[in-house]
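Q: Got a minute to walk through this one with me? I'd like to talk about the strands, the ligand and the charged pairs.

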Amino acid sequence: MSTSAYRDLGANPYRPWPARITSIIDLTEKEKLFELRLIDETVRDAFAFEAGQFVEVSVFGAGEAPISISSAPSKQGFIELCVRKTGDVTRALHARQCGDIVGLRGPFGRGFPFEEMKGHDILLVAGGLGIAPLKSLINHIHDERHDFGRVTILLGARNPGEILFRRQFDMWKHREDFDLIMTVDTPDATWDGEVGLVTKLFDRLEVDPAATYGAICGPPVMYRFVIEEMRKKNMDADHIYVSFERRMKCGIGKCGHCGLGHQYACIDGPVFNYWEAMNLQGAI
Ligand SMILES: Cc1cc2nc3c(=O)[nH]c(=O)nc-3n(C[C@H](O)[C@H](O)[C@H](O)COP(=O)(O)OP(=O)(O)OC[C@H]3O[C@@H](n4cnc5c(N)ncnc54)[C@H](O)[C@@H]3O)c2cc1C
Ligand code: FES
């Protein structure tokens with residue numbers, strides 16, 4: 001639900017809605033994919049989101065954390081969250097079982113401009129856990145594939161064991177409607193793909209700059225270098241979108257924790273175009 005949906009339902013946006021964990025998949029040693037289903041039918045029906053938005057997930061006794069939605073907006077009735085075990089909340093979530101109840105607030109923030117991207121080529125660049133919000137966009141594009149031109153996905157990870165959604169992406173390598181290239185910093189004996197930073201893949205990339213939208217999500221250090229490569233390909237600053245993770249608490253523009261200059265990442269982002277990001281103090 002957007003904040004306006006909270007208003008329509010007469011609900012307090014600080015109130016977590018109960019959601020049941022309906023599936024848990026181990027993706028890597030540190031990340032699990034959770035499928036959650038809101039229990040209240042009215043709330044479930046009002047819950048519509050955009051690729052790139054996030055929810056605040058709460059685990060009783062541990063607290064609350066912002067997590068990007070990984071599933072496509074077209075899949076209704078449930079959401080998927082790819083969660084890395086880092087601290088109190090995510091550790092408590094990793095200890096939950098199927099059938100357990102957690103709290104959900106959201107969806108919050110501004111997602112990718114899906115409608116504006118239609119009719120264009122798409123270049124998606126993800127590093128590590130950055131694939132979590134981009135996965136929602138990839139799945140959404142997949143569901144409406146005929147509305148897009150060439151779709152290229154560049155995926156970087158530190159090593160093969162850290163590639164998220166590896167099984168799906170291994171299958172996607174052979175698809176003709178998506179150009180997917182994976183690269184790792186440090187290969188192992190099983191790896192027969194690219195080696196090196198994700199930026200290295202730009203050398204052999206052909207981009208039609210006027211016709212292409214880019215989306216980037218990954219560790220903070222990655223943004224500057226990937227944007228540089230996109231700019232070298234003459235892509236417009238307002239066709240390059242980045243998703244920023246800033247420390248967040250309320251998720252609704254009240255507490256001031258996620259300030260970026262004069263804006264708040266939780267309501268004005270987390271997705272910004274590069275033109276906007278350049279004007280945000282401390283963003284890149
Ligand atoms: C919009 C948004 C979307 C996110 N999406 C995802 C997602 O899809 N999957 C996922 O696993 N995580 C995601 N995160 C990150 C997640 O919210 C944090 O890791 C969160 O702190 C986990 O809560 P915790 O209580 O387990 O860890 P904490 O105890 O809060 O923190 C653990 C460690 O991470 C550091 N930390 C906390 N928040 C951040 C941050 N924003 N950036 C850098 N370091 C931080 C802390 O200083 C501490 O060292 C997202 C964050 C934002 C703002
Ligand atoms: S998280 Fe509270 S203002 Fe953004």
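A: Sure. One term before we start: a residue is buried if its relative accessible area is under 20%, and exposed if that is over 50%. Also keep in mind that this is a predicted model.

Q: OK, strand S3 then. How many of its residues are buried?
A: S3 covers residues 54-59, and 6 of its 6 residues are buried.

Q: Which way do the side chains point from S3?
A: Phe-54, Glu-56 and Ser-58 point one way, while Val-55, Val-57 and Val-59 point the other way. In a regular strand, side chains alternate between the two faces of the sheet.

Q: Which strands does S3 pair with?
A: S4 (residues 63-68) is joined to S3 by 6 bridges, and the two run antiparallel. S3 also pairs with S6 (residues 101-108), again in the antiparallel sense, over 4 bridges.

Q: And what stands opposite Glu-56 in S4, and what in S6?
A: In S4, Pro-66 stands opposite Glu-56. In S6, Arg-105 does. For Val-57, the bridge partner in S4 is Ala-65.

Q: What about the hairpin of S3 and S4, how many residues are between the strands?
A: There are 3 residues between them, and Gly-61 in this hairpin takes a positive phi near 90 degrees.

Q: Switching to ligand 1. Which residues come nearest?
A: There are 19 residues around ligand 1, and Pro-66, Cys-82, Arg-84, Thr-90 and Arg-246 come nearest. So Pro-66 turns up again, since that residue of S4 also stands opposite Glu-56.Q: Where does the shell of ligand 1 come from?
A: S4, S5 (79-84) and helix H3 (88-94) each supply at least two residues. The largest share, 4 residues, is from S4. By type, the shell divides into 10 nonpolar, 4 polar and 5 charged residues.

Q: Any polar atoms by the ligand oxygens? What are the distances?
A: A polar side-chain atom of Thr-90 is 2.4 Å from an oxygen atom of ligand 1. For polar backbone atoms, the distance to a ligand oxygen is 2.7 Å at Arg-84 and 3.0 Å at Val-89. Taken alone, ligand 1 exposes 880 Å², and the protein buries 72% of that.

Q: Arg-84 again. Which residue does its side chain meet in a salt bridge?
A: Glu-31, at 2.5 Å, N to O. The pair links distant parts of the chain, with Glu-31 in S2 (residues 31-38) and Arg-84 in S5, 53 residues apart. Glu-31 counts as buried at 2% relative accessibility, whereas Arg-84 is partly exposed at 24%.

Q: How many salt bridges does the count come to?
A: The count comes to 17. One of the pairs is Glu-229 with Lys-232, where the closest N and O atoms are 3.3 Å apart. Those two are 3 residues apart in helix H7 (residues 220-232), separated by about one helical turn. Glu-229 counts as buried at 15%, and Lys-232 as exposed at 57%.

Q: Which residues are linked in a network of salt bridges?
A: Glu-115, Lys-118, Glu-144 and Asp-147. Within that group, the side chains of Lys-118 and Glu-115 meet at 3.2 Å, N to O.

Q: Last topic, the open sheet. What's the strand order?
A: The order is S10-S9-S8-S7-S11-S12-S15, 7 strands with mixed pairing. S10 (194-195) and S15 (271-273) stand at the edges with a single partner strand each, so one side of each is left without a neighbour in the sheet.

Q: And how do S11 and S12 run, parallel or antiparallel?
A: Parallel, with 3 bridges joining S11 (residues 212-217) to S12 (residues 240-243). The bridge partner of Ile-216 in S12 is Val-242.

Notes. Residues numbered from 1 in each chain as written. Chains lettered and ligands numbered in written order. Predicted model: local features only at pLDDT ≥ 70, side-chain atom pairs only at ≥ 80, totals over all residues. Heavy atoms only, no water. Buried < 20%, exposed > 50% of the residue type's maximum accessible area, 1.4 Å probe, protein only. Pairing = 2+ DSSP bridges. Near = heavy atom within 4 Å. Polar contact = N/O pair within 3.5 Å; in protein donor to acceptor, adjacent residues only side chain to side chain. Areas by Shrake-Rupley, 256 points an atom, 1.4 Å probe, with all protein chains shown as cover. Nonpolar A, V, L, I, M, F, W, Y, C, P; charged D, E, K, R; others polar. Salt bridge = Lys/Arg side-chain N within 4 Å of Asp/Glu carboxyl O.
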